[in-house]
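Reader: I am new to protein structures. Please take one part of this model and look at it closely for me. Then show me how that part fits with the rest.

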Amino acid sequence: MAWDPIGVSGVPEAADEYDCMISPLLHCLFEGAGTRALAELISHERSSHFGLRPDIASDRQLAESLTAWWETRRSTTT
């Protein structure tokens with residue numbers, strides 16, 4: 001919930017608001033997508049699914065965090 005573009009992180013009823021992004025992001029990471037591709041997916045979801053304006057810096061930051069997390073995860077499982 002660190003990435004919370006619609007501002008619902010403190011609302012218990014909205015705890016699953018961003019779950020729709022988990023599978024697509026994990027698939028991209030598993031397939032070797034880099035930060036740029038992840039940021040594009042996040043930006044697309046921000047606008048098409050959530051109806052928000054672009055925030056390239058925020059989406060890039062999330063993509064960088066996810067890429068770093070994935071690399072750490074991969075290095076501990078190989």
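Author: What follows starts with the whole chain, then turns to one arginine and its partners, and then to the other pairs, the core and the cysteines.

Keep in mind from the start that this is a predicted model. The chain has three helices and zero strands. Read from the N terminus, the order is α-α-α. The C-alpha trace spans about 35 × 25 × 20 Å along its principal axes. A compact globule of 78 residues would have a radius of gyration near 12 Å, and the chain has 13 Å, so the two agree. Of the 78 residues, 28% are buried. The chain exposes about 5,300 Å², and carbon and sulfur atoms supply 54% of that area.

How do distant parts of the sequence figure in the contacts? Take the contacts in the chain with a separation of 6 or more. Residues 24 or more positions apart account for 50% of them.

Now the close look. The part to study is Arg46, which sits in helix α2. Is Arg46 buried or exposed? Its relative accessible area is 5%. The cut-off for buried is under 20%, so Arg46 counts as buried.

What does Arg46 touch, once residues up to four places away in sequence are left out? Start with Trp3 and Pro5. Then comes a run of contacts with Gly51, Leu52, Arg53, Pro54 and Asp55. Ser58 and Asp59 complete the list.

One of these contacts deserves a second look. The side chains of Arg46 and Asp59 meet in a salt bridge, with N and O 2.7 Å apart. Arg46 belongs to helix α2 and Asp59 to helix α3, so this pair ties together parts that are 13 residues apart in sequence. Asp59 is buried, and so is Arg46. Here is the general idea behind such pairs. Side chains of opposite charge can pair when their charged atoms come close.

How many salt bridges are there by this rule? The count comes to four. Two others are useful to set beside the Arg46 pair.

Take Arg36 and Glu40. Their side chains form a salt bridge, at 3.8 Å from N to O. Both residues lie in helix α2, four residues apart, which is about one turn of the helix. Arg36 is exposed, and Glu40 is exposed as well. Set that beside Arg46 and Asp59, which are both buried.

Next comes Arg60 with Glu64. The closest N and O atoms of this salt bridge are 3.3 Å apart. Both residues are in helix α3, four residues apart, again about one turn of the helix. Arg60 has a relative accessible area of 37%, so it is partly exposed. Glu64 is partly exposed too, because its relative accessible area is 40%. Glu64 can also be placed against Ile42. The two are 22 residues apart in sequence, and their C-alpha atoms are 11 Å apart in space.

Ile42 leads on to the core. The largest nonpolar core has 16 residues. Those with the most contacts inside it are Trp3, Met21, Leu25, Leu38, Ile42 and Leu66. Helices α1 (22–30), α2 (35–48) and α3 (56–77) each supply at least two residues of this core. A general tendency is worth knowing here. In soluble globular proteins, nonpolar side chains tend to be buried together.

Trp3 links back to our part: it is in this core list, and it is also touched by Arg46.

Leu38 gives a view from inside the core. Leave aside its neighbours within four places in sequence. Leu38 is then in contact with Leu25, Cys28, Leu29, Ala63, Leu66 and Thr67. Two of these names, Leu25 and Leu66, also appear among the core residues with the most contacts.

Cys28 raises one last question. How many disulfides does a search of the whole structure find? It finds zero. Cys20 is in no disulfide, and the nearest cysteine sulfur, that of Cys28, is 13 Å away. A disulfide would need the sulfur atoms within 2.5 Å. Cys28 is likewise in no disulfide. Cys20 has 35% relative accessibility, so it counts as partly exposed. Cys28, at 21%, also counts as partly exposed.

Back to Arg46, then. It is a buried residue of 5% relative accessible area, and its salt bridge partner is Asp59.

How values were computed. Residues numbered from 1 in each chain as written. Predicted model: local features only at pLDDT ≥ 70, side-chain atom pairs only at ≥ 80, totals over all residues. Heavy atoms only, no water. Core = buried A, V, L, I, M, F, W, Y, C linked by side-chain atoms within 4.5 Å. Buried < 20%, exposed > 50% of the residue type's maximum accessible area, 1.4 Å probe, protein only. Contact = heavy atoms within 4.5 Å. Rg over C-alpha atoms; globule rule 2.2 N^0.38 Å. Areas by Shrake-Rupley, 256 points an atom, 1.4 Å probe, with all protein chains shown as cover.
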